[in-house]
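Trainee: Could you give me a close look at one part of the surface of this model? I'd like to begin there and then follow the chain to the side-chain links around it.

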Amino acid sequence: NHLIDRVRNRYDRLIGATISAVDGGTPGFSQAVPVYPNQTGTDKRAGDGIPLPVQPGAPVLQLPLTRSTSVRLFNPNIRAGYVHQYNLTIQKELFRNTVIEVGYVGTRGVKLFMNRDLNQTRVYGDFLTAFKELQAFQASNASLPSAGNTLVRIFGTPAAAISGLGASTVQQGQVGTAANNLDITNNSRYAAAGVSQFYLRNFPQYNQATQGNNDGQSYYNSLQFSVRRQVGAVKVNANYTFSKSLDNSSVDGNGYTAPIDSYNLRLNKGRSDGDRPHSFNLSLIYILPVGRDKRFGGGMARWADSLIGGWEMGLLGIWQSGAPFTVGSARSTTVAGVTTRANYTGDRNIGNVERKGNGVWYWTSDETARFGFPGAGEIGSSGRNAFRGPRFFGADLSLVKRFRLFETHTVTLRAEGYNLLNNPNFGAPGTNLLQPATFGKISANVGAARVVQLALRYDF
């Protein structure tokens, strides 16, 4: 028996794209000078010298309040994130050449890099109250907004406010879209209505103010079981993992993916994009018992052994749970620039691949009927990565034959079959509530169809 117990930390690092995004998003100081070949009728060569950007005489240090620029920056107190890694494994030889391992493996990500929008529109409070009063007026044309309704003060009348924000935007409860339209397109109306330029944004000179900080968190826990056995020419390795992975962001900072609410990151916690609760892997290597000194043809001539002896077969198999995914509402019912989640009632363990005359479906009509649009100010009840797509299965097979020409010269022939059983692996179903005809329908595969190839390699 062997007992293996390890606890260690591994430090994370920022990817290059995260840093260059900040370098290129500093208003007043960042600039680009593109140089194109033949732009003036003559070749531009590196040896002629590439012109450097001209230093601005007076950098713009304070932008106008036009919400037309986005900025990216780091938290001045940012730290290197790290991951605790720990495991406890028990290993035992059951009988000769057969070893099993059972272990717990876990990780905990602390202070991981994450982007937040410090300029997220503040739609809750006064704006949401005023918006809902306009919704009620639009629906009945009798329930007049209160006398102090901020949106009515800005536009003059309830009807003008609905028209200015967009009639369908109000009717669908798209608070984020309405807030963005108001603050970018109609902010010139604020002064006359006695509304501050900071009514919806902390920094009205910017559209977004994306800050990289240490708010990322992750959790991974797993039970892992493996069996290894070698008997003569056969080597088998099988392992199964039962796990769960949670985090509040599965992106690494290369680009900006807005949280559901930058002011309340707890709403973003859910299954990681890479969460696969069940995973089984199998590998097998078998040297065929044909050829000199083998079970069959042990006395054959060397030239015959060179042709039909020494073949090796390999098998790789994998079966794992499907990828998690979020069903969005396709509407911005909270903050600007964020598509909220769909409302949902019932068990979230739904879905089964069904091949029908009009395509491949994952959800039945009864299951799709449980989804709906969230109301104004709601993020949706379904949750992040609350649903799981179809499982994945694959089997690859290889046949390998090595021909030894001389002591240091070898020719290897490989016949390989990927996805040998030609098993279709389906992607996630359609999740656009605005397209009911394809909602719940699978339209894409994961991986390729069966591929068979031959390869010849000469080593010397």
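Mentor: Happy to. V102, L223, F225, Y240, F242, F280 and W319 make up a nonpolar patch on the surface, and together they have about 600 Å² of accessible area. Two elements each contribute two or more residues to this patch, namely β5 (206-231) and β6 (234-247). Please keep in mind that the model is predicted.

Let's pick out one member, W319, which sits in strand β9 (residues 311-320). Its relative accessibility is 34%, so W319 counts as partly exposed. Strand β9 gives us a way into the charged side chains, because R402 in strand β16 (residues 392-406) pairs with E312 in β9, and this ties together parts that are 90 residues apart in sequence. The pair is a salt bridge whose closest N and O atoms are 3.9 Å apart. That distance passes because the cut-off for such a bridge is 4 Å. Both partners are partly exposed: R402 has a relative accessible area of 45%, and E312 has 24%.

The structure holds 11 salt bridges, and some of them share partners: R67, D183 and R201 are joined into one network. Taking the two pairs in turn, R67 meets D183 with an N to O distance of 3.1 Å. R67 belongs to the loop between α1 (16-23) and β2 (69-74), while D183 is in helix α6, so to speak across the chain: the two are 116 residues apart. R201 also meets D183, here at 2.7 Å, N to O. In this pair R201 comes from the loop between α7 (190-193) and β5, 18 residues from D183. As for burial, R67 and D183 are buried, and R201 is buried as well.

R67 deserves a second look from you as a computational chemist. Its relative accessible area is 2%, so R67 is buried. Its phi is positive, about 55 degrees, although R67 is not a glycine. For background, most residues other than glycine have a negative phi. N385 is another residue other than glycine with a positive phi, near 50 degrees. N385 is in the loop between β14 (371-372) and β15 (387-388), and at 5% relative accessibility it counts as buried.

Helix α6 also holds N181, and the helix spans residues 175-185. With a relative accessible area of 29%, N181 is partly exposed, whereas D183 in this helix is buried. Setting aside residues up to four places away in sequence, N181 touches L165 and N186. The C-alpha atoms of N181 and T340 are separated by 18 Å, and the two residues are 159 apart along the chain.

Now for a buried arginine in a strand: R116 is in β4 (residues 98-117). R116 has a relative accessible area of 19%, and it counts as buried because the cut-off is under 20%. The side chain of R116 makes a polar contact with the side chain of D215 at 2.8 Å. A polar atom of the R116 side chain also lies 2.4 Å from the backbone oxygen of S262. Beyond its neighbours within four places in sequence, R116 is in contact with a set of residues that includes A209, T210, Q211, N213, Y256, Y263 and L265.

To finish, here is a small sheet. Three strands form an open sheet in the order β12-β13-β18, with antiparallel pairing. At its edges stand β12 (354-356) and β18 (441-442), each with a single partner strand, so one side of each has no neighbour in the sheet. Strand β13 (residues 359-361) is joined to β18 by two bridges. W361 has K441 in β18 as its bridge partner. As general background, strands of a sheet pair through backbone hydrogen bonds.

If you go back to the display, start with W319 in β9, then find E312 in this strand and its partner R402 in β16. From there you can move on to D183, which shares a network with R67 and R201.

Definitions and conventions
Residues are numbered from 1 along each chain as its sequence is written. This is a predicted model: local features need pLDDT of at least 70, side-chain atom pairs count only at pLDDT 80 or more; totals for chains, interfaces and linings use all residues. Side-chain values use heavy atoms; hydrogens and water are left out. Patches are made of residues with over 30% relative accessible area and no salt bridge: like charges are joined within 9 Å, nonpolar side chains (Val, Leu, Ile, Met, Phe, Trp, Tyr) within 5 Å. Accessible areas come from the Shrake-Rupley method with a 1.4 Å probe; for residues, only the protein chains shown count as cover. A salt bridge is a side-chain nitrogen of Lys or Arg within 4 Å of a carboxyl oxygen of Asp or Glu. Helices (H or I, at least four residues) and strands (E, at least two) are DSSP runs, numbered from the N terminus. Buried means under 20% relative accessible area, exposed over 50%, partly exposed in between (1.4 Å probe, protein chains only). A polar contact is a pair of N or O atoms within 3.5 Å; within protein, one must be able to donate a hydrogen and the other to accept it, and residues adjacent in sequence count only if both atoms are side-chain atoms. Contact means heavy atoms within 4.5 Å. Two strands pair if DSSP finds at least two bridges between them.
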